[in-house]
Amino acid sequence: MGKKLLLGTTNETKLDRLRAIARSLPVQLVSLHDLGIEAQVDETGSTPEENALLKARAYFSRSSIATVAI
């Protein structure tokens with residue numbers, strides 16, 4: 001398997017959908033649960049995009065794994 005990519009969500013439906021989309025890619029998708037990350041990030045951004053960026057940065061700082069948050 002290729003490099004790891006952290007999916008910054010605890011929503012199982014979103015995780016399942018993203019894993020299905022990325023199935024053919026050379027990347028190992030991991031979840032917050034897989035890494036034992038339980039931290040919640042305050043969504044203080046003014047848009048969904050800003051909140052996703054806040055979450056991605058916070059989870060990356062805890063894992064040092066490239067992170068996608070939605």
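Begin by selecting T9, which in this predicted model sits in the loop that joins strand 1 to helix 1. T9 counts as buried because its relative accessibility is 10%, below the 20% cut-off used for that label. Display its surroundings next: leaving out residues up to four places away in sequence, T9 touches K14, L15, L32 and I70. Then zoom in on the side chain of T9, where a polar atom lies 3.1 Å from the backbone nitrogen of N11. If you add D34 to the selection, you will find its C-alpha atom 11 Å from that of T9, although the two residues are 25 apart along the chain.

Now show the strands as a cartoon. Three strands form an open sheet in the order 2-1-3, with parallel pairing, and its edges are strand 2 (27-31) and strand 3 (67-69), each of which pairs on one side only. From one strand to the next the twist averages 30°. Select strand 1 (residues 3-8) together with strand 3 to see their parallel pairing over 3 bridges, in which L6 stands opposite T67.

Turn next to the helices. Helix 3 (residues 48-63) lies across strand 1 and strand 3, and it runs at about 150° to strand 3.

Finish with the interior, selecting L6, V30, L32, I37, V41, A58, Y59 and I65, the 8 residues of the largest nonpolar core. In soluble globular proteins, nonpolar side chains tend to be buried together. Within this core, pick I37: apart from its neighbours within four places in sequence, I37 is in contact with L6, L32 and Y59, and also with R62 and S63.

Note on methods
Residues are numbered from 1 along each chain as its sequence is written. This is a predicted model: local features need pLDDT of at least 70, side-chain atom pairs count only at pLDDT 80 or more; totals for chains, interfaces and linings use all residues. Side-chain values use heavy atoms; hydrogens and water are left out. A nonpolar core is a set of buried Ala, Val, Leu, Ile, Met, Phe, Trp, Tyr and Cys residues joined through side-chain atoms within 4.5 Å. Buried means under 20% relative accessible area, exposed over 50%, partly exposed in between (1.4 Å probe, protein chains only). Contact means heavy atoms within 4.5 Å. Two strands pair if DSSP finds at least two bridges between them. Helices (H or I, at least four residues) and strands (E, at least two) are DSSP runs, numbered from the N terminus. Axes are lines fitted to C-alpha atoms, for helices over the stretch in contact, and angles run from 0 to 180 degrees between N-to-C directions. A polar contact is a pair of N or O atoms within 3.5 Å; within protein, one must be able to donate a hydrogen and the other to accept it, and residues adjacent in sequence count only if both atoms are side-chain atoms.
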